[in-house]
Amino acid sequence: MAWVCVKKAGFAVALGALVLPLPACVTEQALSPRTELTGALPQQPAPVRRARASTKEWSGEDGASGSPEMTADAIRRSAANFRSCVASMAPEAARRGVSRANFDRLTANLEPDLKIMDFMDSQPEFTKSVWDYLDVLVNDTRLAKGREVLAKYKPQFDAVERAYGVDRYIIASIWGIESNYSTRGGDRSVLNSTATLACIGRRQKYFRGEFLAAVEILNRGDLTPDEMVGSWAGAFGPTQFMPTVYKRFAVDFDGDGRRDAVNNVADLIASTANKLKTDGWQPGQGWGYEVAVPRSFDYMMADPSKTLTVAQWERLGVRRANGQAFPRPGDHAFLLMPAGAQGPGFLMLPNFRAILRYNPAESYALAIGHLADRLRGGGPFVQSWPRSERVLSRAERRELQQLLAQRGFYRGEPDGQLGGETRKALRSFQASIGTPADGFASSDALGRLRTR
Ligand code: CA
C-alpha cells in the first residue's frame, strides 16, 4: 500500500494513540489497482476507473511542506536537469556491479513523474481513528481471501514455517494488508518513481539509495522492469518492499535462480519470513494480548519505553480481556492503549516490535497482529472502542500542541502530527489537572486545554 511506503520512505510518522498519518496513501492505493501480476497469484480486480489527471499530472503548485526543494520553481529546475541527474548515478551503479551499458539500457526511457511531488507533500486535514482503521483493514472480505490463500499455498507456508520459524498467519496478514493479496499495490514503475524522487524534491539522498537498489535488482535479473511496479514512493510487490528492503531480504526459496518475491509465492512468503526473522521474530510466540486495566490504573505506565514482565503487569492489575491466563508470565511486554482509558489495552510482546520494524506505525502493527489472529480462528477484540469520539482535525491537533507548548508541557514543533512527544506532553497536562493521564488526544482533552 502506498501509505506503507510513506513511512518506509521516512516521511512523517505520527502514530499513536489517535490518528493515522496515512490517508493520502490509502487514497492512492485505492486508486491504483495492481494490474501487472500474472501466474499463480489470486485473481485480478477490475481496473478502477479514474481521472487520468488525478494520478498523472502535477498540480504545478508549491508543496505543503514549505521545503525549498518543493517549491514549484525548484521542482521545474530539477525536472529540467533530470537526465543529467540520472546519468550522474552511473558511477555509483558501476561500483555496485552494474555495467554502463546495462545502466544506460535500464534508464533510457525514464521520465520525471512530477505528480509524485503532490503525493509527497500532501497534508490531509482529516485522519482515521484507530478503530476505523482496523475496520478497514480487518474485515470479512480480507479474512475470506486470506483463508483461501492459506489453503491454496499450504505446502509453501508449511515449508517456509519450517525453514524460518515465522508464523504463517502473520505473513498472510502482511500480504493481505499490504496488497489485498496481490490485487492492489500501485501501478507506477519503481525505477521511474525512485529516479524521480532521487533527482527532484526534498528526499533525494534517501531515494538515490532506493533507485540504485532498484537498478541492482533489475541488473541481477531477479525481476523485469514490468514486474517492478508499485506505489509512488517505490514500495512494490505483494508485501510492498522498498527496493533496499528487497535487495537485502528477498530469497530464492524455490531455487530457480531468481529472487522473485513479486510473482512466485514460495519466494514471496520466504522473503517476508526472512525479514521478520532478521528483525527478531521469536518462533512459537504471539505478538501480544488484548488486556483490561483496573479503574485506578496509572496510565503513565502505558508507554513503549516501559517494559515489564507479564507477571509484573499482572501484579499491577492487568488481565487478559478474554479471562484466560497468560501462558508465559516471564515474557517481557509493554502496554499500548491506542484509545486511552476509554478503549482496550494491549500487552505487546517482542514479536510486536518485529512487526513494527516492517512499518513503524503502532496502528498498522496492531492491524497485522489482529488480522493474523482472526485468520488463525480467533475472534474480534472483546472490549469496545470509544466510537463516539471525534477525531481531531489537523488544525485542532496543531492547536492542541500550541496550547501544550504555551503551558510548558510541549517543546516540539506544532505540526499537527501526534507522536510520542505530544502524547507525553498531554499526559503531563492531564496529570496536572487530575484527569486520567492516558495521553489520548480527545476533543475533551482539547476542550480542557482551551479553558485552562
Ligand atoms: Ca525463485
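The following exchange looks at how some of the descriptive words used for this predicted model are arrived at.

Me: Why is N180 called buried?
Reply: A residue counts as buried if 20 or more other C-beta atoms lie within 10 Å of its own, and N180 has 22 C-beta neighbours inside 10 Å, so N180 counts as buried. N180 is found in the loop between α12 and β1, and it has a positive phi of about 50 degrees although it is not a glycine.

Me: What makes Y181 partly exposed?
Reply: The term partly exposed covers residues that fall between the limits, where 20 or more C-beta neighbours would mean buried and 12 or fewer would mean exposed; Y181 has 19 C-beta neighbours inside 10 Å and therefore counts as partly exposed. Y181 is also found in the loop between α12 and β1, and its phi, near 55 degrees, is a positive value in a residue other than glycine.

Me: Why is Y206 described as partly exposed?
Reply: Buried would need 20 or more C-beta neighbours and exposed would need 12 or fewer, whereas Y206 has 17 other C-beta atoms within 10 Å, so it is partly exposed. Y206 lies in helix α14, residues 204-220, and its C-alpha is 9.6 Å from that of T194, a residue twelve places apart from Y206 in sequence.

Me: Why are α12 and α19 called oblique to each other?
Reply: Their axes cross at roughly 120 degrees, and an angle that is neither under 35 degrees, nor over 145, nor from 65 to 115 counts as oblique, so α12 and α19 are oblique to each other. Their axes come within 8 Å, and α12 passes α19 in a right-handed crossing. Where the two helices meet, the residues of α12 include Y169, I170 and I177, while those of α19 include A367, I368 and L371.

Me: What makes α10 oblique to α12?
Reply: The axes of α10, residues 140-152, and α12 come within 10 Å and cross at roughly 125 degrees. That angle makes α10 oblique to α12, because it lies outside the ranges for roughly parallel, roughly perpendicular and roughly antiparallel. α10 passes α12 in a right-handed crossing, and R142, K145, G146, V149 and L150 in α10 meet R168, A172, W175 and G176 in α12.

Me: How do you know that β7 pairs with β3 and with β6?
Reply: Two strands pair if at least two bridges are found between them; β3, residues 288-292, and β7 have four bridges in the antiparallel sense, and β6, residues 332-336, and β7 have three, again in the antiparallel sense. V291 stands opposite G345 in β7, and L336 stands opposite F346 in β7. From strand β7, G345 and L347 point one way and F346 and M348 the other way, and all are buried.

Me: What does α18 pack against?
Reply: The buried residues of α18, residues 350-358, are N351, F352, A354, I355, L356 and Y358, and these pack against α12, α16, β3, β7 and α19.

Me: Which residues have the most contacts inside the largest nonpolar core?
Reply: That core has 117 residues, and those with the most contacts inside it are A214, I269, L347, M348, A367, I368 and L404. Leaving aside its neighbours within four places in sequence, L404 is in contact with F409, Y410, A425, L426, F429 and L449.

How values were computed. Residues are numbered from 1 along each chain as its sequence is written. This is a predicted model: local features need pLDDT of at least 70, side-chain atom pairs count only at pLDDT 80 or more; totals for chains, interfaces and linings use all residues. A nonpolar core is a set of buried Ala, Val, Leu, Ile, Met, Phe, Trp, Tyr and Cys residues joined through C-beta atoms within 7 Å. Two residues are in contact if their C-beta atoms, placed from the backbone, lie within 7 Å. Axes are lines fitted to C-alpha atoms, for helices over the stretch in contact, and angles run from 0 to 180 degrees between N-to-C directions. A crossing is left-handed if the near helix is turned anticlockwise from the far one by less than a right angle, and right-handed if clockwise.
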